[in-house]
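Student: Please take a close look at the sheet and the helices packed around it. Walk me through one connected account.

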Amino acid sequence: MSRFFSEKFAALTPYTPGEQPRERKYIKLNTNESPFPPSPKAIEAAAKAAANLQLYSDPTCKALAEKVAQRYGVSPNQMILVNGSDEVLNFAFMAFCDKDHPAAFPDITYGFYEVFAELHHIPYTKIPLREDFSVGIEDYIGIHKTVFIANPNAPTGMTISPAQVERILQSNPDNVIVIDEAYVDFGAESCVPLVQKYDNLLVTQTFSKSRSLAGGRLGFGIGAEALIADLHTIRYSTNPYNVNSMTMAAGYGVMCDEAYTQKNCQTVCENRAFVSDELKKLGFEMTESKANFIFARHPAVDGGALYAKLKEMGILVRHFEKPRIRDYNRITVGTREEMQALLDAVRQILEGNV
């Protein structure tokens, strides 16, 4: 760091994104991107929007907000559109956390929660997952903190039910509960309907996974109008033009092609079941994932070694060094052809041919 870097950030450890190597062509199963291109309607809409890039984008995202709100049965005033769901999570840490409202989240979860807490100097508690990697609901009952739970969780893919979330909401009426639903479209149950009942619930989602717009950077949050107004205050105090015109148009195109999204989600779920069954036959153990990835280990192969050997063979998966999960790898569910290539490579590794 330079000698000019502020001391308040000197100890900050930034988030580490998944590898995006360019030195060769890989089968990328490490960053939970969709294996399918965006909807043709999204591509067409983005191309048209490019003709007017000399103009600022609409800071209200009016057309897209109305379209997304209609899809989820809420008012446009109950949602905020953002530059990837990471941004709305960042806004939530800024708006709803401080020394009197510390944060709480699982110890094994999306790494950005801890980074945001450190970035904004917010006190936080990391609550250990249970032995089976499930979220212990009782650990959050009456905790009186701003709670962040990824549902499905990452990297485990495991879920909690809306009824369990409701228990957390009821027991913490004076704190915001943030449910991060980045992977909800692959088999989990959304908590969006609960925003009409609880004014302390914020649900976040993204266009990156099920809607194939990871490169577009588009996400949203849904909650009570007053809660969303708080987030807009933060947005207009930082970057009111946070969603660019091409992304906004692409997002609208995606929302006009829900059948395309649902078909792709169904295919991912089918491929998840296929590769899970085949890996189990090879001796792998895994969590019950409802996301577009699986979280698996093999008792005879070190997790780091498996990751490294797969990379040598042109297949990227995600490996974490935390002690409890270093035997595991998170594997994005891709096309059937990509899953077959993974299985073929794993068989070679287990047979000692690599």
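**The sheet and its helices**

Tutor: Helix H4 (residues 112-119) lies across strands S3 (103-106), S4, S5 and S6, and runs at about 165° to S4. This is a predicted model: local features need pLDDT of at least 70, side-chain atom pairs count only at pLDDT 80 or more, and totals for chains, interfaces and linings use all residues. Residues are numbered from 1 along each chain as its sequence is written, and side-chain values use heavy atoms, with hydrogens and water left out.

Helices (H or I, at least four residues) and strands (E, at least two) are DSSP runs, numbered from the N terminus. Angles run from 0 to 180 degrees between N-to-C directions; axes are lines fitted to C-alpha atoms, for helices over the stretch in contact. Contact means heavy atoms within 4.5 Å.

Now the sheet. It is open, has 7 strands and mixed pairing, and follows the order S2-S8-S7-S6-S5-S3-S4. Strands S2 (79-82) and S4 (124-127) stand at the edges; each has a single partner strand, so one side of each is left without a neighbour in the sheet. The twist averages 20° from one strand to the next. Strands pair if DSSP finds at least two bridges between them. S5 (residues 146-150) and S6 (residues 177-180) run parallel, joined by 4 bridges. Ile149 has Ile179 in S6 as its bridge partner.

Next, a helix pair. H3 (residues 85-96) and H6 (residues 225-236) pack at about 100°, with axes 9 Å apart. That makes H3 roughly perpendicular to H6 (65 to 115 degrees; under 35 is roughly parallel, over 145 roughly antiparallel, the rest oblique). Among the H3 residues in this contact are Phe91 and Met94, which face a set in H6 including Leu231 and Ile234.
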